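I opened the notebook to look up two topics: what surrounds the ligand, and where charged side chains pair. The structure goes in here before the entries.

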Amino acid sequence: MLVRLIYASKVRDGLAPGDIDHILARSQANNARVGVTGALCYTGGVFLQCLEGGRREVNEVYHRIVGDTRHRDPAILGFTEVTARDFADWAMGYVGYTADNRALFLKYCPRPEFDPYTMSTASVEALLHELLGVARWKTARTERPSS
Ligand SMILES: Cc1cc2nc3c(=O)[nH]c(=O)nc-3n(C[C@H](O)[C@H](O)[C@H](O)COP(=O)(O)O)c2cc1C
């Protein structure tokens with residue numbers, strides 16, 4: 001059974017240079033091994049992450065992630081059974097906030113700043129869908145697509 005879990009969390013002490021790259025590198029290695037795919041967004045001190053895969057594997061990865069001291073206040077925004085993956089190409093894709101996608105981050109958000117905690121499951125899913133289409137994704141620092 002395939003499931004999709006979406007959660008938000010807050011960065012604990014700010015990110016050190018290289019933290020995101022390190023998280024992505026570990027995510028890509030670990031997730032690929034257990035068939036988990038997904039996407040990680042980070043902006044304004046807030047993470048939004050989508051994990052897709054087998055129910056047991058997604059649960060295991062999520063529980064490891066929530067124990068990570070680099071973030072706090074995790075909140076599951078959606079946990080649904082799905083028939084297909086949205087992010088089949090990414091063991092863990094990444095999108096940051098850029099001038100290009102700024103409007104998109106706010107499009108589904110009831111507040112003037114990006115705050116996934118206030119968004120419905122449908123809205124975070126729609127946001128992730130749109131980001132998938134327009135954002136510049138990277139799979140790892142060394143594989144960053146040229147702009
Ligand atoms: C916001 C955030 C998202 C993360 N996402 C993942 C992930 O998708 N997969 C993963 O294996 N680790 C992820 N991590 C890292 C884990 O918390 C943990 O550090 C890592 O899995 C340890 O892997 P290692 O024992 O192979 O070094 C994430 C960490 C943070 C802070």
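Entry 1, a term. I call a residue buried when its relative accessible area is under 20%, exposed when it is over 50%, and partly exposed in between. The model I am reading is predicted.

Entry 2, Arg4. I looked up Arg4 and found a relative accessible area of 9%. That is under the 20% limit, so Arg4 counts as buried. Its partner in a salt bridge is Asp86, with N and O 3.3 Å apart. I noted that Asp86 lies in the loop between strand S4 (71–81) and strand S5 (93–96), while Arg4 lies in strand S1 (residues 2–11), so the pair ties together parts that are 82 residues apart in sequence. Asp86 has a relative accessible area of 23% and is partly exposed.

Entry 3, the network. Which residues are linked with Arg4 in a network of salt bridges? I wrote down Glu52, Asp86 and Glu125.

Entry 4, other salt bridges. A search of the whole structure gave me 11 salt bridges. As a general reminder to myself, side chains of opposite charge can pair when their charged atoms come close. One of the pairs I looked up is Glu113 with Arg111, whose closest N and O atoms are 2.8 Å apart. Glu113 is partly exposed at 37% relative accessibility, and Arg111 is also partly exposed, at 39%. I also looked up Glu57 and Arg56, whose side chains meet in a salt bridge at 3.4 Å, N to O. Arg56 has a relative accessible area of 56%, which is over 50%, so I entered Arg56 as exposed.

Entry 5, the ligand. How many residues surround the ligand? I noted 16, and the closest are Arg26, Ser27, Asn31, Arg64 and Asp68. I then looked up distances from side chains to oxygen atoms of the ligand. A polar side-chain atom of Arg26 lies 2.9 Å from one. For Asp68, an N or O atom of the side chain is 2.6 Å from a ligand oxygen, and for Gln49 the value is 3.1 Å. On its own the ligand has 620 Å² of accessible area, and the protein covers 82% of that.

Entry 6, the shell. I listed the elements that give two or more residues to the shell around the ligand: helix H1 (19–34), strand S3 (46–54) and helix H2 (55–66). H1 gives the most, with 5 residues. By type, I recorded 7 nonpolar, 5 polar and 4 charged residues in the shell.

How values were computed. Residues are numbered from 1 along each chain as its sequence is written. This is a predicted model: local features need pLDDT of at least 70, side-chain atom pairs count only at pLDDT 80 or more; totals for chains, interfaces and linings use all residues. Side-chain values use heavy atoms; hydrogens and water are left out. A residue is near a molecule or strand if one of its heavy atoms lies within 4 Å of it. A polar contact is a pair of N or O atoms within 3.5 Å; within protein, one must be able to donate a hydrogen and the other to accept it, and residues adjacent in sequence count only if both atoms are side-chain atoms. Accessible areas come from the Shrake-Rupley method with a 1.4 Å probe; for residues, only the protein chains shown count as cover. Helices (H or I, at least four residues) and strands (E, at least two) are DSSP runs, numbered from the N terminus. Ala, Val, Leu, Ile, Met, Phe, Trp, Tyr, Cys and Pro count as nonpolar, Asp, Glu, Lys and Arg as charged, and the others, Gly among them, as polar. Buried means under 20% relative accessible area, exposed over 50%, partly exposed in between (1.4 Å probe, protein chains only).
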